[in-house]
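Grab a coffee and open the structure viewer. Here are a few exercises to work through, each with a solution that goes step by step.

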Amino acid sequence: MTVKEAVRARTGSAYEVRGGDEGRDEGEHTSPGTSTATVATTATVATTATVAIGRAVQELGLRRSEFELAVHLGLIAVTAGPGGGRPRVHEREIARLREDPGFPDGLAERVRTVGTAEGAALLGIAPARFTRLARAGCVSPVTFYLNRYRAVVWLYLADELASFAVREPELLAGRTPLGMRTMLEAGSDRRARNWRSQRIDRLLKRTADPWARAAVEASALDSAHLAEVVEDPYERAYLARVRPEPVFGRPGSVAARETMGELMLADDPDEILWRRINLTLGLDLAREERPAPHPGDDPGARMTPAPARMTPDLARVTPAPARVTPAPARVTPDPGSTSRVAPPPARPVAETEPPLASSAGETSSGVLEPGGKRLLARLGWRRRSDG
């Protein structure tokens, strides 16, 4: 325990980028005849040079699974590859991690995971007691895998278990508290819920886009609950498109993907309500930022077309004069002539305006109604109580 805390204290300050020192080193090694533009170009290339994931894993002395977990935990920063390819790692990021005084053991210790048996041995308790603590939510799993029987095996960070032992030593010995014992006897199991909560929090830290943040909250709701909160189908499609996915850690097998999809959905009523509230509030912020794209929202489609360009099109589509202008007074005397047919300029605008107004998610007055009743109505509870 003391060794781990000492390693953490030594390595805490090593995870800051030392940009000032690098700038001074570059200035000191610049020859007098080198131009400023050359220095700037060299510095840009040096700071943007990246390496493949395989090379980064070797240089950091980690296993592939440990590297992926470090990325998931935010310990290692990665960047998207050119053209949306595989993620890559900046050489500057690798150099920063290698400068850690505890490298490589310090980084490996922070991503070391243990199962139930090893975790119980680490805490000095029986595996059954460790399982009860995990089901009660005292310790949270960080990832999982499927065994040969396709059962979920939860894994925990050894570093977090050590911190829990220091923080809650009374839970490791003696009788289980009454409240916890009652909850366990009722069949409560918070392992999946805690895993979802931590996963959502880490995904939220990676983006500042309000629509992407709302999409992360929406990922915990099934299609029925999502349709009740987000009634606009185009907004639901946009949330699915902008939802950030984890850079690593996606299961490869079909069974693992199906299990991941099931575990991602909230199942407790209070958790579902909490996610619905967060999604509703997140949608308000996203709609204020920009509306979700709808068909015909292209800036060119919103503009009224010039009559000179619309006249030939209408003549081909509706050659009969009665279809162009239903009012008898506006029918041109010469049916074969197309140069005199002029459609009302307001018709294209009137056809495209309603979808734009509905995409903002506002009421008829243009202002969202505040208050608890309005929020519950938007969450769908009013519809259920009426039924």
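**Exercise 1. Get your bearings.** How many helices and strands are in the chain, and what percentage of its residues count as buried?

Solution. Keep in mind that this is a predicted model. Start with the secondary structure: the chain has 23 helices and five strands. Next, turn to burial: 35% of the 387 residues count as buried. Finally, look at the contacts between residues at least 6 apart in sequence: 73% of them join residues at least 24 apart.

**Exercise 2. Work out the surroundings of serine 140.** Is serine 140 buried or exposed, and which residues does it touch, leaving out those up to four places away in sequence?

Solution. First, find the spot: serine 140 sits in the loop between α9 (127-135) and β4 (143-146). Second, check the accessibility. The relative accessible area of serine 140 is 15%, and the cut-off for buried is under 20%, so serine 140 is buried. Third, list the neighbours: with residues up to four places away in sequence not counted, serine 140 touches Tyr156, Glu160, Asn194 and Gln198. Asparagine 194 deserves a second look, as its side chain and that of serine 140 are joined by a polar contact of 3.4 Å.

**Exercise 3. Compare two helix pairs.** At what angle does α12 pack with α17, and at what angle does α8 pack with α10? For each pair, sort the contact residues by chemistry.

Solution. Take α12 (residues 191-204) and α17 (residues 269-289) to begin with: they pack at about 15°, and their axes are 12 Å apart. Angles under 35 degrees count as roughly parallel, so that is what α12 and α17 are to each other. The crossing of α12 past α17 is left-handed. On the α12 side, the contact uses Arg193, Arg196, Ser197 and Ile200, while α17 brings Asp270, Glu271 and Arg275. Sort these residues and you get five charged, one polar and one nonpolar.

Now for α8 (residues 116-123) and α10 (residues 158-167). Here the angle is about 40° and the axes are 10 Å apart. This time the crossing, α8 past α10, is right-handed. Gly119, Leu122 and Leu123 of α8 meet Ala158, Leu161, Phe164 and Ala165 of α10. The tally for this contact is six nonpolar, one polar and no charged.

**Exercise 4. Hunt for backbone oddities.** Which peptide bond is cis, and which residue has a positive phi although it is not a glycine?

Solution. Begin with the background: most residues other than glycine have a negative phi, and most peptide bonds are trans. Then go to the bond from phenylalanine 103 to proline 104, which is cis, with omega near 0°. Proline 104 belongs to the loop between α6 (91-98) and α7 (105-110). For the phi question, move to arginine 150: its phi is positive, about 60°, and it isn't a glycine. Arginine 150 is in a loop too, the one between β4 and β5 (152-157). Its relative accessibility is 64%, so arginine 150 counts as exposed.

**Exercise 5. Pair residues across the sequence.** How far apart in space, C-alpha to C-alpha, are leucine 184 and leucine 133, and how far apart are lysine 205 and glycine 74? Do a couple of other pairs while you're at it.

Solution. Go one pair at a time.

- Leucine 184 is in helix α11 (residues 178-185). With 12% relative accessibility, leucine 184 counts as buried. There are 51 residues of sequence separation between leucine 184 and leucine 133, yet the C-alpha distance is 9.4 Å. Beyond four places in sequence, leucine 184 touches Arg132, Arg135 and Ala136.
- Lysine 205 is in the loop between α12 and α13 (210-218). Its relative accessibility is 73%, so lysine 205 counts as exposed. Lysine 205 and glycine 74 are 131 residues apart in sequence but 9.0 Å apart in space, C-alpha to C-alpha.
- Leucine 107 is part of helix α7 and, at 2% relative accessibility, counts as buried. Its C-alpha is 9.3 Å from that of glutamate 66, which is 41 residues away along the chain.
- Serine 223 is in helix α14 (residues 223-229) and counts as exposed at 61% relative accessibility. From serine 223 to leucine 265 it's 42 residues in sequence and 10.0 Å in space, C-alpha to C-alpha.

Terms used
Residues are numbered from 1 along each chain as its sequence is written. This is a predicted model: local features need pLDDT of at least 70, side-chain atom pairs count only at pLDDT 80 or more; totals for chains, interfaces and linings use all residues. Side-chain values use heavy atoms; hydrogens and water are left out. Helices (H or I, at least four residues) and strands (E, at least two) are DSSP runs, numbered from the N terminus. Buried means under 20% relative accessible area, exposed over 50%, partly exposed in between (1.4 Å probe, protein chains only). A polar contact is a pair of N or O atoms within 3.5 Å; within protein, one must be able to donate a hydrogen and the other to accept it, and residues adjacent in sequence count only if both atoms are side-chain atoms. Contact means heavy atoms within 4.5 Å. Axes are lines fitted to C-alpha atoms, for helices over the stretch in contact, and angles run from 0 to 180 degrees between N-to-C directions. Angles under 35 degrees count as roughly parallel, over 145 as roughly antiparallel, 65 to 115 as roughly perpendicular and the rest as oblique. A crossing is left-handed if the near helix is turned anticlockwise from the far one by less than a right angle, and right-handed if clockwise. Ala, Val, Leu, Ile, Met, Phe, Trp, Tyr, Cys and Pro count as nonpolar, Asp, Glu, Lys and Arg as charged, and the others, Gly among them, as polar.
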